[in-house]
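Q: Please take a close look at one hairpin of this structure, and then carry the description on to the parts that can be treated in the same careful way. I would like one connected account rather than a list.

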Amino acid sequence: MVARTFRSSVATRALPFLTAATLAACATNPATGKKEFSLMSEAQEIQLGQQMDGEVRREMGLYDDPELQRYVESIGMRLARNSQRPNLPWHFTVVDAPAVNAFALPGGYIYLTRGILPFLNDEAQLAGVLGHEIGHVTARHSAQQYTKATSAGIGVTLLSIFVPEARPLQGLTETALGVLFLKYGRDDELQADSLGVDYAAKSGWDPAGVAGMLTTLSRLDEASGSRKGVPNWLSTHPAPADRVQKVRAAVQQASASMTARTETDRSEYLRRIDGIVFGDSPSEGIVRGNTFLHPDLRLALTFPQGWEVQNTKTQVVAKAPERENYMLLQLVPNASGSVEQIARTTMANSGFRQLNGERAEINGLDAYVGTYQGQMQGLGNVGTLAAHIVHERNVYVLAGLAPANQFQGVERQFVAAIRSFRSLSRAEAAEIKPNRVDVYTVRNGDTWQEIAERVTRNTIKPTTLAIMNNYDPSQPPRPGDRIKVVVEG
Ligand SMILES: [Zn+2]
């Protein structure tokens, strides 16, 4: 949850210049040289990219490290100059998201999440990811994907500020940014892989970096990177079974035709990413077990034991294991009037009928707690216990939602979570620090398990540690190897 993105215009405007009548045209695909039906001219591609880039920057935010941004850009530009579309206005940006992903917009806008960087092993693998994304642009996959999405009505839906109109956990797929997170087709992936190999080889990086990054990203458990509001790499770049094999063949071919020495540059890469934030960042709030802490908004609360907590840009959602019972925390936009009036208006506007309610004090904060009934897509009739809480200059809604026939059974847990909402003191807030990447030299006798416990103090699982260092988790770390670890603060 991020303070700056709570605006009433949270998601999206339609992109009005895109009407089918003006766009239909037959064009030559720059990467393949084939004629194909395209709904977008290059100028329109660029205009669309530019427009959506603004949205990406506002919604996801840039990772605040200008030197790292310049580094990624310099590698991206070198690759793009060796592509079939060197003259597009290319942009390469690291966005401030913990998920492991990379994506492209039409017109030459390429993004990496900060979350993918610790999983790449060297500069050749970074070039591999960037080359793959450049391939999606040069072969116009991203333009075609956008065209498909708009004709299917995706990407132009408004994300409602309160859930009933949009189901919880849908997150970004409901916004204009959702188009970034649609799956590419199998053939698009294979083509982007081989274009990536080609660009890397032409630009002087070891093209095996493409195969290396694919191996690492496919080792990563699909679940491990996907709970942060931004889907992970595999969910947007599906991996056909034969993908790594096909890439290896392309790498061999590319390597055979190369004369110059190629780079992998591992030590330079390690130096660049040493210290970057890993996982949640305090500016968005941090999830520790089932507790949510937001040092900037100075608040904390504890969700029911065992519930899975997702922190997205617009809301924090907790879900009961194996049941469609949810709790969510959001800021009420443009709240004015008494907390009781705000509660009644917000809930009525979201289609909820009030059953009862009263003013309350929650850990010294003024609040209004009520029970409501309503409808939610996919859940049918739901019962809701909602607390509207005034904290500093904001009003939050913390609501528990369950199908009507399950509401009584879970109500006590909703009450306990609502009662746990509290202010964080300045001192407590200052204590909350993100985890960061550090470099560690493996000693004789070290195991992944032992490094995870002793060096990282369990900030990361042993298998994840192995994967982020390009190892199969069954291989032990080699003594003397400089590896990436994750440490607190
Ligand atoms: Zn892809």
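A: Two strands are taken as paired if DSSP finds at least two bridges between them. With that in mind, and remembering that this is a predicted model, one can begin with strand β13 (residues 353–362) and strand β14 (residues 365–376), which form a hairpin with two residues between them. In the turn, N363 has a positive phi of about 45 degrees. The two strands run antiparallel and are joined by nine bridges, and one particular pairing can be named, since R359 has Y368 of β14 as its bridge partner. A residue counts as buried if 20 or more other C-beta atoms lie within 10 Å of its own; of the ten residues of β13 the number buried is zero, so this strand lies largely in the open.

Another strand residue may be set beside this. R436 belongs to strand β18 (residues 435–441), and because R436 has 19 C-beta neighbours inside 10 Å, it counts as partly exposed. Leaving aside residues up to four places away in sequence, R436 touches G275, I276, V277, F278 and V487. R436 and V485, although 49 residues apart in sequence, are 8.3 Å apart in space from C-alpha to C-alpha.

From the strands the account can pass to the helices, where α6 (residues 186–203) comes up against α4 (residues 123–138), their axes coming within 7 Å and crossing at roughly 125 degrees. Because of that angle, α4 is oblique to α6, and the crossing of these two helices is right-handed. On the α4 side the contact is made by A124, A127, G128, G131, H132, I134, G135, H136 and T138, and on the α6 side by D188, Q191, A192, D193, L195, G196, Y199, A200 and S203. Sorted by class, this contact has seven nonpolar, nine polar and two charged residues.

Helix α6 also packs with α9 (residues 243–256), at an angle of about 30 degrees and with the axes 10 Å apart. Angles under 35 degrees count as roughly parallel, and α6 and α9 are therefore roughly parallel to each other. Here too α6 passes its partner α9 in a right-handed crossing. E189, L190, D193, S194, V197, D198 and A201 of α6 make this contact with R243, K246, V247, A250, V251 and A254 of α9, which by class gives seven nonpolar, one polar and five charged residues.

Key. Residues numbered from 1 in each chain as written. Predicted model: local features only at pLDDT ≥ 70, side-chain atom pairs only at ≥ 80, totals over all residues. Axes fitted to C-alpha atoms, helices over the stretch in contact; angles between N-to-C directions. Helix = DSSP H or I, 4+ residues; strand = E, 2+ residues; numbered from the N terminus. Parallel < 35°, antiparallel > 145°, perpendicular 65-115°, else oblique. Left-handed = near helix turned anticlockwise from the far one by under 90°. Contact = placed C-beta atoms within 7 Å. Nonpolar A, V, L, I, M, F, W, Y, C, P; charged D, E, K, R; others polar. Buried ≥ 20, exposed ≤ 12 C-beta atoms within 10 Å, placed from the backbone.
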